[in-house]
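Trainee: Could we go through some of the words people use for protein structures? I would like to see how each one is justified.

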Amino acid sequence: MERKRKKVTKMKHRKSLLIGMIALVAFYSCVPTREIRDENVAVPENYQNQSTDTVNTALVEWKEFFKDPNLIALIDTALVKNQELNIMLQQVDMAKNVIQAKKGEYLPFVNLQAGAEIEKVGEYTRNGAVEKNLEVKEGEEFPEPLTNYMVGAYATWELDVWKKLRNEKKAAVFEYLSSVEGKNFMVTNLVAEIADSYYELMALDNQMAIINQNLEIQQNALRMVKLQKQAARATELAVKRFQAEVMKNRSHKYEIRQEIVEAENRLNFLIGRSPQHIQRESDNFIDTPIDTVYAGIPSQLLQNRPDVRSAEFELAAAKLDTKAAKASFYPQFTIKAGLGLEAFDTKYLTTTPESVLYSAIGDMVAPLINRNAIKAQYKNATARQLQAVYEYEKAILNAYIEVANQLSNIDNLKKSYELKDGQVQALTESIDLSTRLFQSARVEYIEVLLAQREALESRMELVETKKDQMLAQVNMYRALGGGWN
């Protein structure tokens, strides 16, 4: 009879287990899934009309890339005092703190608890009647009112069966790495922006010098025209036209002076200090050599560009967030335990084992009905993952196009500068030639004015082209991913 009862009990256990397995399979079959395509990281083997040489200027540290000691000093100061960079550094620290918080979530939580209470119940109640008729020990009744003292430790631990918490922690790590790369990208842009402003300031200094030189030539020409008028070889109209040209360039001087002030203050803002003079040597700006920039191969952008690496880490974090969101559909297992001492009088609090209290609870909670909230969270997580795929691909494409544009820009600016340099030489010679011809009455005064004006414009354009060449070098260095290491 006993054997038959055991057999029936065993069959019931098997049936219950089978029902549980069927329910679990049915539960898992209700978990939504969404296929998300992999990211496309393919890039061309080389840039257009470029070799496959892997030598890359991006690996050169910025202190070696820039040769001007004044510029190096400005960048050094900015990397310490720039407010936006310091704000970004705090964001990096906050991202690091999130890792610590997420790491703690899958470890047991242990809390200490202590308490004291006093209670008086009515005598004609169940608790009151029980206390009235019970004794703590022989000859000792329960005190009235009844006090209670307790001290103990309580632990709660969520078992990370589905790796939800660990995935969230790993996602936080990738978010932190992304923030570090974001900081590196800011450093790259900051270094490039300071160099751009510095070269622009030097170009303005050269333009100011050109205007001063041209004003001297024009004032000499004005004196010559006045003498010609006195000799009845020129008219008052010629004098007025030369005076107007002198005044025009004097006015232009004030415009450039204002641009210099704004360029200096822009640099002062970037390096985090109040307006003051920017130390620089602008005399040899036009003769500054243009060094060769080596672009390497496109695949190096994936490692050298901080914005591309940041997008890569963001994608990795988004993938883990999707896994964590999916784990929300599965049962959650929690263990709770407590151990302490409790007594109605402090003198009994350390009396063991009578005052010892302990508990152990195991919970399993699984979403069953109305799972709209976690479904929405899962859909959002997959949408963010797909967004991250597009962001990563966009960053790669943008990096490649930036480098391709700057390669073309450097080549075209080099050819343009050579032609403009020849133009400046020809027009500079035309000033002296037109002046001598005017003195011998072989050309009109308007020829002298045009020669001076065109020579001034060509020299100003030459300085602009030189500045554009310097900026193209900086932008190429930034586009390759240099400037942050």
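Mentor: Gladly; we will take a few terms one by one, keeping in mind that this is a predicted model.

Trainee: Why is T322 called buried?

Mentor: T322 has a relative accessible area of 9%. Buried means under 20%, so with 9% T322 earns the word. You will find T322 in helix α9, residues 306-327.

Trainee: What makes the approach of the T322 side chain to the backbone oxygen of A318 a polar contact?

Mentor: The T322 side chain reaches that oxygen of A318 at 3.0 Å, and a polar contact needs a suitable pair of N or O atoms within 3.5 Å. A polar atom of the T322 side chain also lies 3.3 Å from the backbone oxygen of A381. Leaving aside neighbours within four places in sequence, T322 is in contact with Y378, A381, T382 and Q385.

Trainee: How do you know that α9 is largely enclosed by the rest of the structure?

Mentor: Count the buried residues: 16 of the 22 in α9 are buried, so the helix is largely enclosed. From its first C-alpha to its last, α9 reaches 32 Å, close to the 32 Å expected at 1.5 Å a residue.

Trainee: Why is α6 called roughly antiparallel to α11?

Mentor: Helix α6 (residues 164-230) and helix α11 (residues 445-480) pack at an angle of about 170°, with their axes 9 Å apart. Angles over 145 degrees count as roughly antiparallel, so α6 and α11 fit that description. Their contact has 14 nonpolar, nine polar and six charged residues.

Technical notes: Residues are numbered from 1 along each chain as its sequence is written. This is a predicted model: local features need pLDDT of at least 70, side-chain atom pairs count only at pLDDT 80 or more; totals for chains, interfaces and linings use all residues. Side-chain values use heavy atoms; hydrogens and water are left out. Axes are lines fitted to C-alpha atoms, for helices over the stretch in contact, and angles run from 0 to 180 degrees between N-to-C directions. Helices (H or I, at least four residues) and strands (E, at least two) are DSSP runs, numbered from the N terminus. Angles under 35 degrees count as roughly parallel, over 145 as roughly antiparallel, 65 to 115 as roughly perpendicular and the rest as oblique. Ala, Val, Leu, Ile, Met, Phe, Trp, Tyr, Cys and Pro count as nonpolar, Asp, Glu, Lys and Arg as charged, and the others, Gly among them, as polar. Buried means under 20% relative accessible area, exposed over 50%, partly exposed in between (1.4 Å probe, protein chains only). A polar contact is a pair of N or O atoms within 3.5 Å; within protein, one must be able to donate a hydrogen and the other to accept it, and residues adjacent in sequence count only if both atoms are side-chain atoms. Contact means heavy atoms within 4.5 Å. The expected span of a helix is 1.5 Å times one less than its number of residues.
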